[in-house]
Amino acid sequence: MTAGPRRVFVAALATETNTFAPIVIDRKGFEDSLYAPPGQHPATPTLCTAPITVGRKVCAEKGWTLIEGTAAWADPAGLVARGAYETLRDEILGQLRAALPVDAVVLGLHGAMVAQGYLDPEGDLLARVRGIVGPDILVCAELDPHSHLTAKRVAAADFFVVFKEFPHTDFVDRAEDLWRIVVDTLEGRVKPVMSVFDCRMIDVFPTSRQPMRGFVDRMMALERDNPRLLSLSAIHGFMAGDVPEMGTRMIAVTDNDPALGAEMAERLGRELFANRGRHMMPLIDEHEAVARAMAATAHPVVIADVWDNPGGGTAGDATVILKELLARGATGVAVGTIWDPVAVQLCFVAGEGAELHLRFGAKSAPLTGEPCDALVRIVTLAADAQMNFGESLAPFGPAARIALLTPERRETGVEVILNTVRAQSFDPSLFSALGIDPRAQKILVIKSTNHFYAAFQPISSEILYCSAGKPYPNDPATNPYRLVRKDIWPRMADPFGSEA
Ligand SMILES: [Zn+2]
């Protein structure tokens, strides 16, 4: 370690890969979401790039040198093309080599990337980083909990800090945790050591409800109360990634106290296992969701199409809930969004105010419903639509607001926003971006598992979590995995056997 001002290298390479999804991510997939060469990352972070923006602040305060590498983030989809991964990886590794000597390498990763020919790209990247800097230089990363904590990653990095909240409202807070440990390490106050417990399970863990709310609050209290405990994290796992080490893990980072770390990770990990199957909110089908929404007396009711979530790598074009609403004659409905670039293109050619017969939705994958054939009026076109996501903005591309009409060309009271850049429904501003007042609707249909909650809860009378069709591999007991290990719950009833 050099004396005096430190030199820290930072970069980000992230996406979340649903290995069952048909949409391959090439380099343009990153460029469409976020691609920032060194020094050109914007002032506000996206989900996985907060280590860069927080690092700028920390290094400026400390008088340290921050050497920025590339930052790239692609919205979740299917496999990353081999060439896209390898060129982005080699770009960052070349920047690191040019930056040497450094005192630390801080990365913004997601942790659920799978590329053609690479089941563990982040493990590959971290191992190569370790190979470049050697065993004594600090290597750490911030991760999304929906990731795969492979042995290769754990061996290559000194420690990880993972978002605690799902919805991920805390990605900046956790980047601050990461950097606090970096500073304390480089100034000689602590020596981070990582302990991991394999929970031998996979589940979905929203922290907006119990039991995870209490679990996260307790993790934070434990971190506060014990100075030797530098960080606690739960890796939720990502069930749409068919990779050997998919599953839930508990991480404890201690100040050189592996015994304490192992004990804490196991204790908390066994608590997650004990609550298996009780973390996810209860789901209802499209029939019950629409019936309850139409019977509601307070509005707007939000129906979340939880599994057709582009944030989980699906196309986001399922029509199952929309068809049910139309079959029952629901009115005061706004659907945001259905992904259909071809239909949007047709709308742009026709222009605002035009009426046409349009086929849209359900074109990308089986079990997402049937395409919708409707007489529509094009109400609004937006060349570059975007919505709020926390303090940042999420683009959803050229978009068209269409009103569905009766054969007599009267409005049915159902409107749909069609989009071209796949994006989950983070925020009600996706509706206002196309001139729809979300508060004035009776029913809002959105596509998101839980990230919508923070922004939609305050404006909605009720939230209905709906499982409609099967756009996503949402049942780990029956998903057609080829590579995921079999000795995890619920693929196996009792993976701990007699030792549990
Ligand atoms: Zn996540």
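Tutor: Helix H9 (residues 286-295) and helix H10 (residues 320-328) pack at an angle of about 50 degrees, and their axes are 9 Å apart.

Student: What makes H9 oblique to H10?

Tutor: Angles under 35 degrees count as roughly parallel, over 145 as roughly antiparallel, 65 to 115 as roughly perpendicular, and the rest as oblique. About 50 degrees falls in the rest, so H9 is oblique to H10. The model is predicted, with local features needing pLDDT of at least 70 and side-chain atom pairs pLDDT 80 or more, while totals for chains, interfaces and linings use all residues. Residues are numbered from 1 along each chain as its sequence is written, and side-chain values use heavy atoms, without hydrogens and water.

Student: What counts as a helix, and what is its axis?

Tutor: Helices (H or I, at least four residues) and strands (E, at least two) are DSSP runs, numbered from the N terminus. An axis is a line fitted to C-alpha atoms, for helices over the stretch in contact, and angles run from 0 to 180 degrees between N-to-C directions.

Student: Which residues of H9 and H10 meet?

Tutor: On H9, Glu286, His287, Val290, Ala291 and Met294 meet Val320, Ile321, Glu324, Leu325 and Arg328 on H10. Contact means heavy atoms within 4.5 Å.

Student: Which hand does the crossing of H9 and H10 have?

Tutor: The crossing of H9 and H10 is right-handed. A crossing is left-handed if the near helix is turned anticlockwise from the far one by less than a right angle, and right-handed if clockwise.

Student: How do H7 and H8 pack?

Tutor: Helix H7 (residues 212-225) and helix H8 (residues 258-274) have axes 11 Å apart, at an angle of about 170 degrees. That value is over the cut-off for antiparallel, so H7 is roughly antiparallel to H8. Met212, Phe215, Arg218 and Leu222 in H7 meet Met264, Arg267, Leu268, Glu271 and Leu272 in H8.

Student: At what angle do H2 and H6 pack?

Tutor: Helix H2 (residues 50-62) and H6 pack at about 45 degrees, with axes 9 Å apart. That angle fits none of the other classes, which makes H2 oblique to H6. H2 passes H6 in a right-handed crossing.

Student: How do you know which residues hold the zinc ion?

Tutor: Donors are N, O and S atoms within 2.8 Å of the metal (3.2 Å for Na, K and Ca); water is not among the atoms, so sites may look incomplete. The protein donors of the zinc ion are two OD atoms of Asp144, ND1 of His146 and NE2 of His168, 2.0 to 2.6 Å from it. In sequence, the donor residues are spaced D-x1-H-x21-H. His146 is in the loop between strand E5 (138-143) and helix H5 (151-156), and His168, 22 residues apart from it, in the loop between strand E6 (159-162) and helix H6 (171-186); the pair links distant parts of the chain.

Student: Why is the arrangement around the zinc ion called irregular?

Tutor: Four donors count as tetrahedral if all angles lie between 85 and 135 degrees; four count as square planar and six as octahedral if opposite donors are over 155 degrees apart and all others between 65 and 115; anything else is irregular. The 4 donor atoms subtend angles of 54 to 147 degrees, which fit neither four-donor class, so the arrangement is irregular.

Student: Why are His146 and His168 called buried?

Tutor: Buried means under 20% relative accessible area, exposed over 50%, and partly exposed in between (1.4 Å probe, protein chains only). His146 has 11% and is therefore buried. His168 has 2% and is therefore buried as well.

Student: What is unusual to see in the phi of Ala362 and of Arg409?

Tutor: Ala362 has a positive phi of about 55 degrees although it is not a glycine. Arg409, also not a glycine, has a positive phi of about 65 degrees. Ala362 is in the loop between strand E12 (355-360) and strand E13 (372-389), and Arg409 is in the loop between strand E14 (392-405) and strand E15 (411-419).

Student: Are Ala362 and Arg409 buried or partly exposed?

Tutor: Ala362 has 10% relative accessibility, so Ala362 is buried. Arg409 has 41%, so Arg409 is partly exposed.

Student: Where are the cis peptide bonds at Pro101 and Pro490?

Tutor: One joins Leu100 and Pro101, with omega about 0 degrees. The other runs from Trp489 to Pro490, with omega near 5 degrees. Pro101 is in the loop between helix H3 (82-99) and strand E4 (104-109), and Pro490 lies in the segment after strand E17 (462-466).
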